[in-house]
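Here are my notes on the model you sent over, point by point. Have the structure open while you read.

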Amino acid sequence: MRGEWVAYAGARQGRTFLPAASFCPLCPVAEGRLGEIPFRTFEIAVFENRFPAFSDAGGALPVLPPGVEAAPAKGRCEVVVFSDDHRAALGTLSDDRIALLFEVWGARVEALGREYPHVLPFENRGEEIGVTLHHPHGQIYAFPFIPAQVRRAAEAQAASPVIGDLLRHAGELEIEALDEAVALVPPFAMYPYETWILPRRWAPGPQALSGSERQAMARLLGRAVRRLDGLFGSPMPYILTVQCAPRGFEDSFHMSVEIRPFRRDSGKLKYLAGVEQGAGVFLADILPEDAAARLRTLPAGGPA
Ligand SMILES: [Zn+2]
């Protein structure tokens, strides 16, 4: 119907759901308590998701009507824990720790990319969008196919240097810029206050960033999250994705870190409703240039 895949993973219904902090599986293992990470302290930890949507086990395939394809959901799902501090968040981590996170993302994208055609690091943040564990963490999915939306973006970038042009002409869409990275609201933002962090130099993914580029990206990312947290006076629920070149587009795709905030006003969430769900057309209540202007005025502070 839509030329895209849907992944079914019935086993995920049983996953850990909002446990009390004392039972957090992502906290370091200490005397008398169990967890996923067998260290008393750590900086960043990566391990396989115990409730994967994609795994090399795959599953039995159903019998389907003619014209509908099915395939085993082979792939990898990893968990990336950003800190051993249960109460931390991306906005409270030091620039150095976030730079290390870029290094971790790069290493995993490179390793998983050898086996799978597309790798997506991401973070879902906030109970409002279905987060089931509060400990600061993200995930990495390695897909057995190039997702349709990613392919469209990659084809657009292969046809013309969309991101390079955007970086050269950001103008009033710019939130903050450093020598090696820029934070901006894209002129095609789908969510209010959507924020992208881009390296100025072309790079297909975090694995291609230099040490100083990782530092610049990290600094802008931490500051972007703190701005969004300050926008309505409460932590912003958001989806953060690290968009990397899918297989076959490594020479044209310019990476981006994209934050899609889910609160559009105090106490009001952005829902995907009739027009978005029924037609795939996003309606936004705030113009990208107005969102950028507002974000520029907010304090971005330093990590706590
Ligand atoms: Zn924890």
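1. Start with the salt bridge between R50 and E36, where the closest N and O atoms are 3.3 Å apart. R50 sits in the loop between β1 (45-48) and β2 (76-81), while E36 belongs to the segment before β1, so this pair ties together parts that are 14 residues apart in sequence. On the accessibility side, R50 is exposed at 56% relative accessible area, and E36 is partly exposed at 26%. Keep in mind that this is a predicted model, so every distance here is a computed one.

2. Next, R201 and E213. Their side chains meet in a salt bridge with an N to O distance of 2.6 Å. The pair links distant parts of the chain, 12 residues apart: R201 is in the loop between β7 and α4 (211-231), and E213 is in helix α4 itself. Which of the labels fits E213, buried or exposed? With a relative accessible area of 3%, E213 is buried. Its partner R201 is partly exposed, at 45%.

3. R87 and D85 also form a salt bridge, and here the closest N and O atoms are 3.6 Å apart. R87 is exposed, with a relative accessible area of 72%. D85 comes out at 30% and counts as partly exposed.

4. How many salt bridges does a search of the whole structure find? The count is 18. If you'd like a cluster to look at, E48, R76, E78 and R108 are linked in a network of salt bridges.

5. Now the strands. β8 covers residues 238-243, and 5 of its 6 residues are buried, so this strand is largely enclosed by the rest of the structure. It pairs with strand β3 (residues 118-125) in the antiparallel sense over 4 bridges. It also pairs with strand β9 (residues 256-261), again antiparallel, over 6 bridges. Y238 is a handy residue to click on: Y238 is the bridge partner of R125 in β3, and in β9 the bridge partner of Y238 is P261.

6. A backbone item for your list: Y193 has phi near 65°, a positive value in a residue other than glycine. You'll find Y193 in the loop between β6 (181-184) and β7 (195-199). Is Y193 buried or exposed? Its relative accessible area is 6%, so Y193 is buried.

7. On the surface, V275, V281 and L283 make a nonpolar patch of about 220 Å². Of these, V281 is found in the loop between α5 (274-279) and α6 (288-297). V281 has 40% relative accessibility and therefore counts as partly exposed.

8. Another valine, V162, lies in helix α3 (residues 162-168). V162 is partly exposed, with a relative accessible area of 27%. What does V162 touch, leaving aside residues up to four places away in sequence? The contacts are A156, Q157 and F188. As for F282, its C-alpha atom is separated from that of V162 by 20 Å, with the two positions 120 residues apart along the chain.

9. Finally, the global numbers. The protein chain has 6 helices and 11 strands. A compact globule of 304 residues would have a radius of gyration near 19 Å, and the chain has 19 Å, which agrees. Along its principal axes, the C-alpha trace spans about 55 × 50 × 40 Å. Of the 304 residues, 47% count as buried. Among contacts with a separation of 6 or more, 69% come from residues 24 or more positions apart. The accessible surface comes to about 15000 Å², and 54% of that belongs to carbon and sulfur atoms.

Terms used:
Residues are numbered from 1 along each chain as its sequence is written. This is a predicted model: local features need pLDDT of at least 70, side-chain atom pairs count only at pLDDT 80 or more; totals for chains, interfaces and linings use all residues. Side-chain values use heavy atoms; hydrogens and water are left out. Patches are made of residues with over 30% relative accessible area and no salt bridge: like charges are joined within 9 Å, nonpolar side chains (Val, Leu, Ile, Met, Phe, Trp, Tyr) within 5 Å. Accessible areas come from the Shrake-Rupley method with a 1.4 Å probe; for residues, only the protein chains shown count as cover. A salt bridge is a side-chain nitrogen of Lys or Arg within 4 Å of a carboxyl oxygen of Asp or Glu. Helices (H or I, at least four residues) and strands (E, at least two) are DSSP runs, numbered from the N terminus. Buried means under 20% relative accessible area, exposed over 50%, partly exposed in between (1.4 Å probe, protein chains only). Two strands pair if DSSP finds at least two bridges between them. The radius of gyration is taken over C-alpha atoms; the globule rule is 2.2 Å times the number of residues to the power 0.38. Contact means heavy atoms within 4.5 Å.
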